[in-house]
Amino acid sequence: MNLISIPALQDNYIWLLIDEQDHCIIVDPGEASPVLAILNKRHLIVDAILLTHHHQDHLDGVPELLKHFPQIPVYGPRETEKKGATKLIEEGDDLIIGRQNFSVIAVPGHTLGHIAYYNAPYLFCGDTLFSAGCGRLFEGTGDQMYRSLQKIMQLPDDTLICGGHEYTLSNLAFARSILAEDKKIEAYQKKVMQLRAEKQPSLPTTLQWEREINIFLRCDEIELQKRVLGGKSLTSLSLVFSALRMMKDRF
């Protein structure tokens, strides 16, 4: 497979996954024009559009794309039913699209109906997981998001995290405010600063790497718990996550 990240809007990524026959799927097209430019340049054949959730910056490009490709299916969770999806899907569904096979995973938190698509090694997770961070809780609870991230943590180490935004530097700045002495986070921050200076994306990232530098995936660590909870007693790991997410909201 060939994976392409397309910068869109202010800091979004639209994803294209292309097979050896130049057939592709489009994930979360927040706008149509940059997608159409690549499709035309590479003479790609579109098999489907996948939507992870109902926010406009992830699906505003659907109407224009359907003008060019009116027969393709648009898969999405129920919350996207009136925002472009033509085929509603949910956790447990297996999508066979051309030569590609996707498992659907429910990952509520950012929105209540948010889903992710897994086609090993690719995970298209919208605004659930980013490099060094996770999505804001607009509709769901901290417990829901924590459980969603734990689902993702069950995937293989080589899973490629294809998140919806280029938030890595801001996420790392927050992480260093909590764990300033973490050498891996410090080194990664320098690496990503160089990538962004060269206008290169920091995504996709691997799940193995995120386990090491993403503090939202490290809520079981005693030192992080001390920094986040202070003197409060630990009742659950989701409490640590929720407190950490609120700290990020105020950062």
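Thr80 is buried, because its relative accessible area is 0%, and this residue makes a convenient starting point for a walk through what is a predicted model. Thr80 sits in the loop that runs between strand 5 (74-76) and strand 6 (87-88). Setting aside residues up to four places away in sequence, Thr80 touches Leu51, His53, His54, Leu59 and Ala85. Another residue, Ile49, is separated from Thr80 by 31 residues in sequence, while in space the two are 12 Å apart when taken from C-alpha to C-alpha.

A second loop residue can be read in the same way. Leu203 lies in the loop between helix 5 (183-197) and strand 14, and Leu203 counts as buried because its relative accessible area, 4%, falls under 20%. When neighbours within four places in sequence are left aside, the contacts of Leu203 are Ser5, Tyr13, Trp15, Ser131, Ile161, Gly163, His165 and Glu166. Lys191 stands 12 residues from Leu203 along the chain, and the C-alpha atoms of these two residues are separated by 13 Å.

Two of the residues in contact with Leu203, Tyr13 and Trp15, lead on to the aromatic rings. The structure holds 10 aromatic pairs, and one of them is formed by Tyr13 and Trp15, whose rings are tilted, with 5.9 Å from centre to centre and 55 degrees between the planes. Both Tyr13 and Trp15 are buried. Elsewhere in the list of rings, a cluster linked by ring pairs takes in Tyr146, Phe174, Phe216, Phe241 and Phe251.

Strand 14, which follows the loop of Leu203, also belongs to an open sheet of 6 strands, where the order is 7-8-9-10-13-14 and the pairing is mixed. Strand 7 (94-97) and strand 14 (205-206) are the edge strands of this sheet, each of them pairing on one side only. Strand 7 runs antiparallel to strand 8 (residues 100-106), and the two are joined by 4 bridges; Asp94, for its part, has Ser103 in strand 8 as its bridge partner.

The last stop is the empty space in the model. Rolling a probe the size of a water molecule over the atoms shows where such space is left. The largest pocket has a volume of about 200 Å³, and of the 14 residues that line this pocket, those closest to its centre are His110, Phe130, Arg136, Phe138 and Tyr167. Sorted by class, the lining of the largest pocket is made up of 4 nonpolar, 5 polar and 5 charged residues.

Note on methods
Residues numbered from 1 in each chain as written. Predicted model: local features only at pLDDT ≥ 70, side-chain atom pairs only at ≥ 80, totals over all residues. Heavy atoms only, no water. 1 Å grid on protein atoms, 1.4 Å probe; cavity = no way out; pocket = protein on both sides within 12 Å on 5 of 7 lines; lining within 4 Å. Points joined across faces, edges and corners; volume = space filled by probe spheres on them. Nonpolar A, V, L, I, M, F, W, Y, C, P; charged D, E, K, R; others polar. Phe/Tyr/Trp six-rings, centres within 6.5 Å; stacked < 30°, edge-to-face > 60°. Buried < 20%, exposed > 50% of the residue type's maximum accessible area, 1.4 Å probe, protein only. Pairing = 2+ DSSP bridges. Contact = heavy atoms within 4.5 Å.
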